Amino acid sequence: MKNRQKLGVFFTAFTAFQVNVYAATVTGKIAFEGRAPAAETIKMDADASCKLAHPDGAKSEEAVVNSNGTLKNVFVYVKEGVSGKFDAPKESVKFDQHGCQYTPRVLGIQVGQPLEILNSDPTLHNVHSLATKTQQFNLGMPIQGMKLKKTFTAPEIMVKVKCEVHPWMAGYIGVLDHPFFSATGGDGSFSINNLPPGEYVVEAWHEKYGTQTQKVSVAADGDVKELSFQYKAA
Amino acid sequence: MNRLVHSYSKFLSAVTLVLIIAGGLVTSTESGLSVPDWPLSYGQFFPPMVGGIRFEHTHRLIAGIVGILTFVLLGLLLKNEGRGWVKCLGAAAALAVVLQAILGGLTVIYLLPTPVSVAHACLGQTFFSLVVSLVLFTSKEWATAPKIASENSESLKRLLATTFFFVCLQLIAGSVVRHAHGRTLNLHALLAFLIAIHVLFILVRILRDADLQPLVNHVLLLTGLVTLQVFSGGGAYLLTLVIEKAAYPRTSEVLITTAHQSIGAVILATTLLLMLRSFRLLKPTELRTSHE
Ligand SMILES: [Cu+2]
């Protein structure tokens with residue numbers, strides 16, 4: 001039994017290594033054209049500790065345009081073309097409640113992979129998942145430093161998460177049954193790695209500006225394909 | 001004889017109206033799930049009053065007070081009231097309060113399912129009407145006022161019963177609009193039109209008949225409320241369903257939707273009372289039968 005497990009580990013490591021060597025990458029930027037929308041100021045008077053965390057006032061993160069003209073918080077993922085089964089990673093994805101906002105606001109996770117929800121604030125939050133394909137939850141996190149672990153049972157683009165105490169708090173989680181996803185940060189770039197050779201449909205999702213899809217085909221041998229998506233000011 | 005119960009019912013009606021407004025604020029600020037557990041709040045009696053919890057927990061506290069006050073009312077009725085059917089109404093109010101608390105809990109546990117929210121809204125206003133009707137049933141007018149003969153009596157009663165029926169339907173339609181994001185909006189508008197027309201007919205009938213003088217103030221109040229309601233409804237429609245939603249409810253939106261819902265509760269009770277009073281006070285003229 002023990003030997004068998006060892007063999008299993010070895011075999012998994014071996015195939016993972018192989019996938020890395022022969023797999024391709026789809027990378028690129030999410031460009032934003034036009035004038036960046038003025039971010040709505042969030043009034044955090046409802047909770048003194050939230051207000052304290054933002055001495056200069058908090059801005060809505062609904063549409064954040066980076067200084068290099070790219071769009072933040074875009075979820076980019078392979079929508080079609082993936083075959084095979086991908087086991088959920090054991091390591092959890094972190095989802096923090098910090099300064100009465102979610103960090104990150106947009107993230108991806110695999111079905112069955114643990115989502116670690118953390119409350120870094122000296123106030124209470126509750127996390128309400130509005131998933132439609134996984135059972136919803138609404139859990140209080142009254143203590144600073146408190147952690148919760150949750151998993152999603154079915155793919156869903158996107159699961160909205162909100163805090164019912166602080167109505168401005170919203171986060172979006174892309175749940176997929178494969179690991180081919182990425183979310184843009186402060187530089188607006190994304191990178192989907194370890195893709196087996198094949199033809200794919202890649203979708204970019206943004207909470208305000210909607211979705212866009214593009215087709216891409218990648219070969220083996222560390223092929224790197226660039227994709228660029230472009231959103232326009234509404 | 002029922003002075004105590006009468007005054008007490010008035011007091012409970014007032015507190016209940018405050019509760020309806022507090023409940024309305026919970027819905028309008030979307031704070032219904034800000035406290036994820038029930039009946040305790042974050043495992044305590046007094047959670048930190050921040051954000052949505054301010055609305056939800058205040059609602060729970062007032063609800064608790066109304067619950068206790070209702071059982072006191074039932075006690076008063078059992079002790080002081082002679083009429084069995086009035087005692088039954090007190091028991092019904094107590095039952096409603098318990099059911100209402102259970103619905104409130106279900107809403108929290110099952111994450112705000114629309115049917116539960118609608119039922120909670122309708123039962124809340126029904127409870128309010130019930131308590132208000134007890135004010136009438138324990139009043140001096142109800143006990144001693146002589147019957148008024150009017151040739152309009154029977155037609156007015158029919159008109160009021162129809163209107164009350166429409167207002168009851170409107171309570172359901174309105175709460176569906178509120179809790180299902182604009183569903184049944186057309187029905188809600190149609191009922192609003194029907195109610196407004198009927199109230200206009202009632203107003204004219206009462207004003208033109210000198211015998212119906214005791215009902216004049218009452219119908220004027222009802223007319224004023226319905227007028228106000230049409231405008232607040234229009235405002236609520238514009239703010240919640242026409243202009244683009246903000247990331248979270250604006251103060252203007254919160255105030256107008258809560259007002260619209262609470263005025264609705266008062267219209268329901270006012271219509272019910274006017275109908276009950278007409279049934280109690282009016283009789284057909286004796287010499288000739290009603291010409292309708
Ligand atoms: Cu929060």
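How far apart do the C-alpha centres of domain 1 of chain B and domain 2 of chain B lie? The two centres are 22 Å apart. Keep in mind as you look around that this is a predicted model.

Let's start inside chain B. Its domain 1 covers residues 1-144, and its domain 2 covers residues 145-292. Where the two domains meet, 28 residues of domain 1 are in contact with 27 residues of domain 2. Together, the domains bury about 2,300 Å² between them, and 69% of that area is on carbon and sulfur atoms. On the domain 1 side, the residues that lose the most area to domain 2 are Ser28(B), Gln125(B) and Glu141(B), which together make up 24% of what that side buries.

Glu141(B) deserves a second look. This residue forms a salt bridge with Arg277(B), with the closest N and O atoms 2.8 Å apart. The count of salt bridges between domain 1 and domain 2 of chain B is one. Polar contacts add to the picture: ten residue pairs are in polar contact between these domains, with both residues of each pair at pLDDT 80 or more.

Which helices of chain B each supply at least two residues of the domain 1 side that touches domain 2? They are helix 1 (3-28), helix 4 (114-137) and helix 5 (140-144). Helix 4 of chain B gives the largest share of that side, with 13 residues. Sorted by class, the domain 1 side that touches domain 2 has 13 nonpolar, twelve polar and three charged residues.

Now step out to where chain B meets chain A. The size of an interface is often given as the accessible area lost when the parts come together. For chain B and chain A, about 1,500 Å² is buried between them, 61% of it on carbon and sulfur atoms. This contact takes 16 residues from chain B and 23 residues from chain A. Three residues to find on your screen are Tyr42(B), Leu111(B) and Tyr248(B): they supply 37% of the area that chain B buries against chain A, more than any other three residues.

How many salt bridges are found across the interface of chain B and chain A? The number is zero. There are, however, five residue pairs in polar contact across this interface, both residues being at pLDDT 80 or more. By class, the side of chain B that touches chain A has ten nonpolar, four polar and two charged residues.

Terms used
Residues are numbered from 1 along each chain as its sequence is written. Chains are lettered from A and ligands numbered from 1 in the order in which they are written. This is a predicted model: local features need pLDDT of at least 70, side-chain atom pairs count only at pLDDT 80 or more; totals for chains, interfaces and linings use all residues. Side-chain values use heavy atoms; hydrogens and water are left out. Domain bounds come from an automatic or database domain assignment. Contact means heavy atoms within 4.5 Å. Buried area is the accessible area (1.4 Å probe) that two parts lose on being put together, summed over both. A salt bridge is a side-chain nitrogen of Lys or Arg within 4 Å of a carboxyl oxygen of Asp or Glu. A polar contact is a pair of N or O atoms within 3.5 Å; within protein, one must be able to donate a hydrogen and the other to accept it, and residues adjacent in sequence count only if both atoms are side-chain atoms. Helices (H or I, at least four residues) and strands (E, at least two) are DSSP runs, numbered from the N terminus. Ala, Val, Leu, Ile, Met, Phe, Trp, Tyr, Cys and Pro count as nonpolar, Asp, Glu, Lys and Arg as charged, and the others, Gly among them, as polar.
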